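Please look through the structure below before reading my comments. I have kept them to a few points and explained each term where it first appears.

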Amino acid sequence: MRESEGLRVDRLTVGIAGREIVRDVSFVVGASEAYGLVGESGSGKSMTCRAILGLLPPGSSTSGQILLGQTSLLELSPRRLRRLRGSAVGMVFQDPMAALNPVLRVGPAISQVIRSHADVTRTEARAGAIGAMKRVGIRDAERRARNYPHQFSGGMRQRIVIAMALAARPRLLLADEPTTALDVIVQAGILRLLDSLRRDEAMSLLLVSHDLSIIAGMCERVGVMYAGELVEEGPTSEVLSRPRHPYTKALIDSHPEDGSSRRLRSIAGSPPEPGRLPTGCVFSSRCELVTDKCRAAPIEFLHVDVDHHARCIRSELLVPAAEA
Amino acid sequence: MIDRPPLLVAERLSKEYRTGRPALSEVSLTVARGAVLGIVGESGSGKSTLARCVSLLERPDSGRVLLDGLELTALGPRQLRRERRRIQVVFQDPYASLNPRLTVGSALAEVLRVHRLAPPAGITARVAELLALVGLPSSAASRRPVEFSGGQRQRICIARALAAKPDLLIADEPLSSLDVSIQAQILNLLLDLRDELSLAMVFVSHDLHVVRRVAPTIAVMFGGRIVEALPPEVALEDARHPYTRALLDALPSLRAKLPDPGQADLGAALPLEGCPFRDRCPHAHAPCATIDPPLLPVQGQHAVACHYVNDAAHGSNTAQPVAQAE
Amino acid sequence: MSNVLAREVLPRLERPALRFVTSPGWSRRIGLLGVVAIVLIALIGPLVSPYGADAQNLAATLQHPSWQHPFGTDQFGRDILTRVMAAARVDLQIGFFGVTIPLVIGTVIGLLAGYFGGLLDIVSGRLIDVFTAFPFFVLVIAIVAMLGPGLRNLYIAISAVSWVAYARLVRAETLSAKKREYVLAAHGLGYGSVRIMRRHLLSNVVSPALVFAMSDFVLDILVGASIGFFGLGVQPPAAEWGTMIADGRDFLITDPWLVIFPGLAIVVLGFFVSLLGDGLADYIRRVDAGV
């Protein structure tokens, strides 16, 4: 058992307008651990993030539990949640311009964050802001602290957002598609930065992405989401080398990275709509191994290996013959 | 070598927008019939400008584009309108690529009508044929784009491009807006179409992995020029240009490698003189600051635009500096 | 019966033209209902009324509103209710023509200017600037004063001044629409300019102009009424709300209904047209979003 000092999500279900967008999701991010949540659009991974941050749209319902250390997040008042965001939980989203006030110079913007979570003087906050900018790799920080967000490139803006997210030394950093809008080489820089910061600050990192290869390089554990459910969860190296859910396997097979054959193995069809889920397994309509039993009733999250779960009753078929 | 003239020849295309470094700087390439050329680059590399200039959606400031010997860049507007159906483009954004007010059927029928590619009585049948070609049911013809998913819309865009019976299909980041599992579907569709119709293709993308799957020959772009031409027999790992190597190092991988950003100086503008990559290059030396390195072969069809690589290889530089896809 | 309803009637209601009526949105429906009701009243009212709009009855001048004359009578004994209904015809026309003519002219110019740019854009741009420099009312009154009173001259004056706003809206939309990929694709497919403007741009750029047209409708009625107030509009004895208000001014203290009812009519029509405009904007937004 790993220490649950980081984040524990327990049977989280999120409903919006009567439809379940996230269903019975459970995972644990240990302290100083990097956890990856991977899924395509509509898988519910972003909604899970929003639930953790308390940023769900009005009219949504939640059940289950989210524990940050000892604090139960779903039970907090909006005011306490707001204080938590930025202090105990830092967030980085896809579009840096959505997080940066275009009329605030970046130095003062970061100082503001520092001062709202710690009792320091203005001078100390300013020094802290410059230090944060240096820590995220912005050269000539003293001068650049006086610049506005639009004077930075996309990658640098994201670094500033990360600096702001870390300003109050949070326990958990939540990054939802932080590099999707960035070029490959810039992306590499941001990922490296997140990785080194995570280790230096002994912080938990929850990284959400649709790109399995990013998660492969960054995260020790991975959870695969499909149509609102967590269909597989375990150590990254295990899940990638020995996937135990047909969707995970299909996701790996359809990744364009150097395969031998020209054709990619694609999955026929498309994910089900939130209101029109099949009775049994959510993946049943597209699965090659499907049986009647799969369609009959919802599948439990089964234990398939050490710290490795999969929501599939046919998962033994995926284990290579030599091992079984 | 092939005796027939290549299908598409682009000669020294240049285009400059308002400021700084030109978007395209004397770029040349050729594509043979039925061949696929991949173009890889990040944003600002000029790859989209190249795609637009080759398809004449934008006029290059200088240079020529020849399709089957016909010089498109020299044509008058009316003639160009008639000929340009032979080069069709599929764009990145399937949501903005279709007129929301037209039904799928009428958009496809319009192509057939304008270019008289089917007799009036046969239009409905041909539309159904085109839809089947891209894996959509004929009932799609009466619906509007808004009723379809991203992957389906991209199929419709491909069908519309095919309706014009093009000789060359240019796909400008066709997969980037799609989900991972849908990307694979569309990629396979493009490969199938290439095989069935012997369609020549230029595939533009920032994703090196995807491009390698589709295109035997790859041109890597940086700073408005082609910096490396990789023929089919050269593996990606054997690329030589420092930028291509930086790109490879930075690629995330399923093999749990942490991407390496190299010496990228974030946000600095590219230098205006000499090699555009020199500020980030570990091998930059004297000539790099003043002389723009020409694209020269280092071995067979493998060409690189780099002083360091070319000096190390050999001194001969008689071959034509051009990226070719055969 | 319900089977027929489900099989035959309901699917027909789904067709695009009727969807405007049937899809949800209370402002639009109420606005549409109100405007249609007023149009019907304008058409049928004067026909079924026992009084002629211009029929004077000097024995029954300045009567208070009563069962016989729900809106009372004016200084010539004419029934105000009938006159208000007859005037509706005129004012509805003013609103209609005052909007459609500039809409067409402005859309064409805006589309051409936005699409071709260059000299055409510069020239029309300067023209637009000139017209915008003058206050709307002043220019309209000046033109009517030059041409002489009467409905036709009023239409000319309004059209000559109003097209500018439409041109600006359509040009702005065209500038952004022509960069969209489906227009690029149309270019790539070798379509000519006329085809692109007609089929691929027009219906996609005209929405803001249509929405503006609704508020312009109300404005034009006010202009017509104001012109009538100055005596430059329809000439007596023709009924028009503005002239009715102008004529009733002298009796405002003693017999205010001469002024109140035509005024109320303007407000009511304006209200329904605004609702319709609101609903239209909403409807267009939803259609564009694909809901």
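The points below go from the basis of the model to chain A, then to the core and one chain contact.

1. This is a predicted model, in which local features need pLDDT of at least 70 and side-chain atom pairs count only at pLDDT 80 or more, while totals for chains, interfaces and linings use all residues. Residues are numbered from 1 along each chain as its sequence is written, and chains are lettered from A and ligands numbered from 1 in the order in which they are written.

2. Chain A has twelve helices and twelve strands, which are DSSP runs (H or I, at least four residues, for helices; E, at least two, for strands) numbered from the N terminus. Its radius of gyration, taken over C-alpha atoms, is 21 Å, close to the 20 Å of the globule rule for 324 residues, so chain A is as compact as a globular protein of that length; the rule is 2.2 Å times the number of residues to the power 0.38.

3. Of the 324 residues in chain A, 46% are buried, meaning that 20 or more other C-beta atoms, placed from the backbone, lie within 10 Å of the residue's own.

4. The largest nonpolar core (buried Ala, Val, Leu, Ile, Met, Phe, Trp, Tyr and Cys residues joined through C-beta atoms within 7 Å) has 268 residues. Helix α4 (residues 80-116) of chain C gives the largest share, 15 residues.

5. Where chains A and B meet, 42 residues of chain A are in contact with 33 residues of chain B, contact being C-beta atoms, placed from the backbone, within 7 Å. On the chain A side, α8(A) gives the most, with nine residues.

Notes. A residue is buried if 20 or more other C-beta atoms lie within 10 Å of its own, exposed if 12 or fewer, and partly exposed in between; C-beta atoms are placed from the backbone. Two residues are in contact if their C-beta atoms, placed from the backbone, lie within 7 Å.
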